[in-house]
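User: I'm new to this and keep running into labels like "buried" and "salt bridge". Can you walk me through some?

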Amino acid sequence: MSLFRCPVCGAPLNREEHTYCCAAGHSYDIAKEGYTYLLPPNQKHSAAPGDDKAMAAARRDFLSAGYYHPLLNTLCSRILSLTGEKSVILDAGCGEGYYTSGIDQALTAAGKTPCMAGIDISKFILRLAAKRNKNIEFAVASCYHLPFPDGAADILLDCFSPLAIDEFRRVLKPGGYFLYVVPGARHLWELKQILYDAPYPNEEKETPYEGFAYTDIVPVDFPLHLERQADIQSLFRMTPYCWKTPKSGVERLETLETLDCQASFRVHIFQKL
């Protein structure tokens, strides 16, 4: 039986060789890469929502180079301490699966047997995620309509994805944990100084949510040294800056052969009451 539920009727889905099926007869093909498509037409806001092929490739290339490994290590360490031998872990907005797969590998190496699933709204990026790790279920779906049953998850991870707090509360078990990763105030500040004439810091705040209790805010700060223009471009293309940078900023970035900047994240950890 799959972790996923039918997006049409909410019934459990059974994974077969080439399809996911529910008792009501709804069926969803499994792509050759290994993911399925659980995003109904009425939940799509464009023909191809989410990251396009170029952004998906940039994210894969940059993360695969290990630049954000300190953040992955922090997530693995924290989740390892919060999980039992068998835990259900959901990644809402999993991207190309770097963090999802890394967490699965860390828990497995520690002798645990996690049951993991990841969703993202981009079919292009899910193709990469499904190729990265065959032990994890992946589906194209919306954070605001998670294809999971009530109270299914011990851990829910949201790493730079939309905050669908009502859905997160619904799918977490009582006592389960929600890890919310956001940029720190001066995340990639040196990059922003190149792109914009008047950059501004990200807002940092502590926001309580109904039905949750804060347990920690974990800072993750580390330097980045990008040695190739290709890596600089991959970083740029995987960020929201790619959509809103003036031409002059793009041109300045294209002249760089190396880039030194600071990565800064905050991992907000909540427990469901």
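Analyst: Sure! Let's begin with a cut-off: a residue is buried under 20% relative accessible area, exposed over 50%, and partly exposed in between. Keep in mind that this is a predicted model.

User: Why is R132 called partly exposed?

Analyst: R132 has a relative accessibility of 30%. That value sits between 20% and 50%, so R132 counts as partly exposed.

User: And what makes E96 buried?

Analyst: E96 has a relative accessible area of 1%. The limit is under 20%, so the label is buried.

User: Why is the contact between R132 and E96 called a salt bridge?

Analyst: The N to O distance between their side chains is 2.5 Å. The cut-off is within 4 Å, so this pair passes. R132 is in helix α4 and E96 is in the loop between β5 and α3, so the salt bridge ties together parts 36 residues apart in sequence.

User: How do you know that R266 and E204 meet in a salt bridge too?

Analyst: Same test: their N to O distance is 3.4 Å, and 3.4 Å is within 4 Å, so the pair counts. R266 belongs to strand β11, while E204 is in the loop between α6 and β10, so parts 62 residues apart in sequence are tied together.

User: Is R266 buried or exposed?

Analyst: Buried: R266 has a relative accessible area of 15%, and that is under 20%. E204, at 41%, is partly exposed.

User: How many salt bridges does the structure hold?

Analyst: There are 11.

Note on methods. Residues are numbered from 1 along each chain as its sequence is written. This is a predicted model: local features need pLDDT of at least 70, side-chain atom pairs count only at pLDDT 80 or more; totals for chains, interfaces and linings use all residues. Side-chain values use heavy atoms; hydrogens and water are left out. Helices (H or I, at least four residues) and strands (E, at least two) are DSSP runs, numbered from the N terminus. Buried means under 20% relative accessible area, exposed over 50%, partly exposed in between (1.4 Å probe, protein chains only).
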